[in-house]
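Subject: Structure handover and notes

Dear colleague,

I am passing on the structure we spoke about, and I would be glad if you could open it and follow along while reading. My notes come after it.

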Amino acid sequence: MTTTPATGRTIVHLIPHTHWDREWYEPFQTFRLRLVDLVDELLERMEADGRLRFTLDGQCATVDDYLEVRPEAEPLIRRLVAEGRLAIGPWQILMDEFLVSGETLVRNLELGWQRATELGGAMRVGYLPDMFGHVAQMPQILRRAGIDRAVVWRGVPAVVGSNTFGWEAPDGSVVEAEYLVGGYGNGAHLFDVPGRLKTKLAEHVDANEPFYGRHSILAMYGTDHAVPSPRLADLVDAINADDSPVVVRLETLADYAARTDIEPSGGAGAHWTGELRSGARANMLMNVTSARVDVKIAAGRAERLLERYAEPLTALHGTAWPGRPLELAWRRLVDNSAHDSICGCSHDDVVAQVLTRYAEAEQIGRGVLSRTLGEIASQLPTGSWAAINPSPAPREDFVEFDVAVPPEWESVELRSGDRLISSQECGRADPVVADLKLHGSEIPELFRRRRHGRELFGRQINSIDIQPDHPDGTPTVRIFADDIADPPELDVEELLGHIEAAVLARPDEAWRLTVRAAERRRILACVPMPALGWSAIEVVAGDTADATGSEPVADAVTASQRRLDNGLVAIEADDDGTFRLEGGGVKLEGVGRIVDGGDLGDSYNYGPPSPDVIVETPTEIEVVAGPSGPLRGRLTIRRRFEWPVGIDPRERVRTSATVPTDVITTLEVQAGEPFVRVEVSFENRSRDHRVRFHVPLLGAATGSSAQGQYAVVDRGLEVEGGHGEVPLATFPAHGFVQTEGVSALLDHIVEYEVVDGRELALTLLRSFGWISRNANPYREDPAGPEVPVPGAQLIGQRSMRFALMPHAGSWATASVVATAERYQHAPLVVRGTGPVGAEGAAGTEAAGGAAPSGAGLAIEGDGIVLTALRRRGDWLEVRVVAETASATEAVIRGRFEEARDADLLGRPMGALAAEPGAVDLPMEPWEIRTIHLRPS
């Protein structure tokens, strides 16, 4: 037992706290009413009794949510924080670490630290009490924010035999981690029966002594949505005045972490490197990764839009920095990162709010991006285009242009300066917007009802043609309109006056009124673009009818009825509906097998019925070759399956009744890409089941590597269990997952499993009907309340996109990080809106026959990944990570005159040696680095 030198009595560090799920089995506003009651009671007691201490769950959201209702309480909260009696922060919200991006984790910490500082100071403890495991780079994230201690529960492996251990990130950063033996509520019930307090404390000491040894023992006095006993301080004083062998210290978690009188316990298993995903002592609840896949798709889309499009492009090419709108968007993402929110293990009403927040973040991001693209467009003459590169390296990539073509042009060419760009026509749009027959007297009334300024039928009026004596005998009015007003200035009233005079001269005759847009063609082109910048593209008439893109195409696509091949990767559809995948020295057979099985589990854990009915053989197969050309080719495979309708609630097996389900797999190969793009879609009409996409492997795999939050982590085929939960080796992957002979490049968080070392399985859908099922076949203990969530069945149209890259060797030798960058960050295109003859605004470049271009910021270096680029005051803030196992160097080039280091929260740390426009950053393996650049 831990003893004090003077008395020989055991010390129990009692931490009064609450664990506050912001939204879970009831919506946020319902839970907030409880929060207000709890904090009202807490503050009243703390104001009246200076002995009390409280830790407000490590998240400032609890404070903000409360103060929004009780703003008058802020002075008291500030005073309690200043006195060290109320511990708040450092997080804005307690998040799930694996299901959001690394940048979302950082913005969460940034917002929480900022808010806690405003209120008096943040708790310098990385409090992580109920996350479903912990990411490998969390120690580095904390260290680079100035935090050297973490508190964890789930995921700690059995090899850790003490309450404290050194937790090391892949880069070598180490924090002292406190393992919450028994969880964040291990002392929650000590004071339930005051007459037995002495006995309860002795039992707590005995139960925890194997972990704490002869050192201080922690008791977390609190649980979900709980407030301490009103007699707490008196009971503590009484036990301390007694001859009890235990001394109780009322403390905040910050007090406990800052203690200096007791050494860490050490002992067996006192060090661990990497992620924490063991189920040895607490359920991992690993299948939240595949719960509510619609939420995961929305999260990935919103995060990528803000991180790699709206913020970087606006920081480099926008005029004003929209700091407040972007903060609002990030707050939506951070709010949704709460583990019960992003995990999809909540009430249907909560999920609806989560999806709404993601939609709002996306709307803000798209609005910010649209304004920036508009500023770029204004630098180019009407009729030309800009292709924008969101990546920090120069690239040639595919951009699709929707171009207006004069009727006399037989073909179209795209040029960048003097260079003719490889291109391919993908389709044409009907130029007729409206074709109406009206009496002459009705036409002015139509204009009054349907015209809004210059806009008519969604287009901008540009010119007219009146033919009272049309050759076909029907008087005709033609209005020419387009998406862009050309010319910019036009007296529309005068034009329509001419029409009105003509039609009212013959009011009773039938007139033909047509509204025509310019003929439009969709052109796919391979465009050179500078790093994080843009290239100007000119659309010109082709020389011959088939001259669209006459420049030779490297690694062009060849197509047949069932095969696509670009020399780097090839696919061929088989008779069973799967396909062969070949490239990088690897050939895989039977790719794309769809496997459907029952799921008697819940939002936390998959659990198959026994016996299960597995459906993997289609009843119908159809292969359709899509439009193909040298730049892009498509194949579509339709397979019909008979999936059981659901699970019989009495028999607990899948129903004999089935529903026919067409699964559509669209495969796309583009010139120069070493991967095949895959989209799988179907209308889900079944309940309580799991659908996975299987990829047979080149050989027997021993594990996998998956890109996550600032790292690529290696995982085996088995995971540690032991707490009554079947230890499934299903894992989350954020950017890609690689195993024997193949990498899957991902658009968002996806659950995967390497099945028996033979196949890679990606979860497309998991349908279930309960937050937690008391009788889950794969988990002994309930994970939450047994609340029905019919929306989690995800009935309706479902779709998921990813890419498959066959290759020999590891992800590092195959340059998968760079390939994933290209796949995930498609170029953008915007139509010029400036005056004809514009040469580009300041900041554009043109030399000789080169077209104007907008320079951005280039980042060079093996394994260097850009994770953030934004403005911070007068500086650009850039965050990069070295996703490599060996030391490397990042070289940043652009228009800047000064550089300085910063910590993860953006606090300056000192000047960097840099030449104007270039800075070299030596980086250790897996290092996360934040720097500031002052633009020139």
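Before the strands are described, one term is needed: two strands are said to pair if DSSP finds at least two bridges between them. Please also keep in mind throughout that this is a predicted model.

A good place to begin is strand β53, which covers residues 928-935 and has six of its eight residues buried, so that this strand is largely enclosed by the rest of the structure. Strand β48 (residues 875-882) pairs with β53 in the antiparallel sense over six bridges, and within that pairing Val881 stands opposite Ile928 of β53. Strand β50 (residues 896-902) is also paired with β53, again antiparallel and over six bridges, and here Phe896 has Pro935 in β53 as its bridge partner.

Next comes Arg871, which lies in strand β47 (residues 864-872). What might a buried arginine be doing without a salt bridge? Arg871 is such a residue, for the nearest side chain of opposite charge, that of Glu375, is 7.2 Å away, and a salt bridge would require the charged atoms to be within 4 Å. The side chain of Arg871 does, however, reach two backbone oxygens, that of Ala315 at 3.0 Å and that of Thr319 at 3.0 Å. If residues up to four places away in sequence are left aside, Arg871 touches Thr314, Ala315, Gly318, Thr319, Ala320, Trp321 and Leu876.

Elsewhere, three strands form an open sheet with antiparallel pairing, and their order is β12-β22-β15. The strands at the edges are β12 (395-405) and β15 (423-429), each of which pairs on one side only, while the twist from one strand to the next averages 25 degrees. Between β12 and β22 (residues 519-529), which run antiparallel, there are 11 bridges, and in this pairing you can find Phe401 opposite Ile523 of β22.

The last item is a hairpin, made by strand β35 (residues 703-707) and strand β36 (residues 712-716), which pair in the antiparallel sense over five bridges. Ala706 stands opposite Val713 in β36. Which residue of this hairpin takes a positive phi? That residue is Tyr710, with a phi near 65 degrees, in a hairpin that has four residues between its strands.

Best wishes

Conventions
Residues are numbered from 1 along each chain as its sequence is written. This is a predicted model: local features need pLDDT of at least 70, side-chain atom pairs count only at pLDDT 80 or more; totals for chains, interfaces and linings use all residues. Side-chain values use heavy atoms; hydrogens and water are left out. Helices (H or I, at least four residues) and strands (E, at least two) are DSSP runs, numbered from the N terminus. Buried means under 20% relative accessible area, exposed over 50%, partly exposed in between (1.4 Å probe, protein chains only). Lys and Arg count as positive and Asp and Glu as negative; His and the chain ends are not counted. A polar contact is a pair of N or O atoms within 3.5 Å; within protein, one must be able to donate a hydrogen and the other to accept it, and residues adjacent in sequence count only if both atoms are side-chain atoms. Contact means heavy atoms within 4.5 Å. Axes are lines fitted to C-alpha atoms, for helices over the stretch in contact, and angles run from 0 to 180 degrees between N-to-C directions.
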